[in-house]
Amino acid sequence: MSAPTTDRAGPKPPDPTLVFEAWNEAARGYREYWSPRFRPFVERAVAAFDPPAEGPLAVPGCGPGDEVVLLAQKFPARAILASDPSSEMVGLCRAAARAAGASSVLVTQSPAEGLAGSVRQAAGVFSSFTLQLLADPLRALGAWSLALRRGGAITVIFWPRPGPDTSFGRVQAAIERATGQSRPDWEPKVAAELPHLGLEIERDERVALDVEHASPEEWFQAAVEWGALRPVFLRWGPAVLERCRVDWLSDHRMIERGGKWIVPSEARLWTLRKTGEGPHEAH
Ligand SMILES: C[S@@+](CC[C@H](N)C(=O)[O-])C[C@H]1O[C@@H](n2cnc3c(N)ncnc32)[C@H](O)[C@@H]1O
């Protein structure tokens, strides 16, 4: 096992500009490669989203906008305020909404943590596959709660901390070995803090589905070029990512089935209701 590498970046906090640039680079490939594979998860989350009848719906971290179009179909003529800090993702989301004829959708370029600066008294906040990428998920949920009116709903689907014997867990372990950086175990703390944000958990479920790829090599390349490993790549550089790749390929835990390679994938789905006052509103 090689020692943690500090050659390119060293231990430093994630730079938001680099993260947004990574998603600019990833945007088109993400839409082509990952969006169709994640769609069944997003459909489950959209089905679970149950906001009250009055008020706008906010979609932070909207990416290329699959969920925005699904929400516009589920809630026709309802104001939908989608946002993403990546200008490329914003462009793709606007194009998707236009192509779907979803004229009640407004897309702006901004991060999830700043939602309450532009949205208040919303009926709902919907987020798919963004929460686990944020530097401070609790802060983002606080902003989403502040953007909501009493009785409003949050539906958030995200990738939880993976088990050590899963494909995702093996990737995390390879990254940790190569960089010395691990994914913080924020979920228990955040779940415990939700009541202090005025949020009650209505549902906390796992959505388990198989996701298909041509090969483990393709999976890794797609993650680096167009997915969640793009920010890791920009931060740590190609040599470190190559070490992760070789390490992961030696024990990737993908399953071969009928000439395809499967990643059994488990997302976490929370539906939250704003039943109380968030701490920000007390003053
Ligand atoms: C995995 S994609 C998910 C996109 C889309 N919601 C979906 O389900 O397909 C993650 C998205 O989070 C965005 N993102 C990254 N940092 C963010 C932040 N601080 N606030 C909001 N979105 C962020 C990226 O630009 C990217 O569009």
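**Exercise 1.** Locate Leu 209 in this predicted model, and decide whether Leu 209 is buried, partly exposed or exposed.

*Solution.* Begin with the secondary structure: Leu 209 belongs to strand E6, which covers residues 199–213. Next, take the count of C-beta neighbours inside 10 Å, which for Leu 209 is 16. A buried residue would need 20 or more, and an exposed one would have 12 or fewer, so Leu 209, with its 16 neighbours, is classed as partly exposed. Finally, look at the contacts: once neighbours within four places in sequence are set aside, Leu 209 touches Pro 40, Phe 41 and Ser 265.

**Exercise 2.** Find how far apart the C-alpha atoms of Leu 209 and Leu 131 are.

*Solution.* Along the chain the two residues are 78 residues apart, and in space their C-alpha atoms are separated by 19 Å.

**Exercise 3.** Describe the shell around the ligand, stating which element gives the largest share.

*Solution.* The shell holds 23 residues, of which Trp 23, Gly 61, Gly 63, Ala 112 and Ser 128 come nearest to the ligand. Two or more residues each are supplied by helix H1 (16–48) and helix H2 (66–74), and the largest share, 5 residues, is that of H1. Sorted by character, the shell comprises 13 nonpolar, 6 polar and 4 charged residues.

**Exercise 4.** Identify which residues touch the most other members of the largest nonpolar core.

*Solution.* Among the 81 residues of this core, they are Val 68, Cys 93 and Ala 147, while H1 contributes the most to the core, with 13 residues. Taking Ala 147 further, and not counting residues up to four places away in sequence, its contacts include Ala 58, Leu 115, Val 119 and Arg 120.

Technical notes:
Residues are numbered from 1 along each chain as its sequence is written. This is a predicted model: local features need pLDDT of at least 70, side-chain atom pairs count only at pLDDT 80 or more; totals for chains, interfaces and linings use all residues. A residue is near a molecule or strand if its C-beta atom, placed from the backbone, lies within 6 Å of it. Helices (H or I, at least four residues) and strands (E, at least two) are DSSP runs, numbered from the N terminus. Ala, Val, Leu, Ile, Met, Phe, Trp, Tyr, Cys and Pro count as nonpolar, Asp, Glu, Lys and Arg as charged, and the others, Gly among them, as polar. A nonpolar core is a set of buried Ala, Val, Leu, Ile, Met, Phe, Trp, Tyr and Cys residues joined through C-beta atoms within 7 Å. Two residues are in contact if their C-beta atoms, placed from the backbone, lie within 7 Å.
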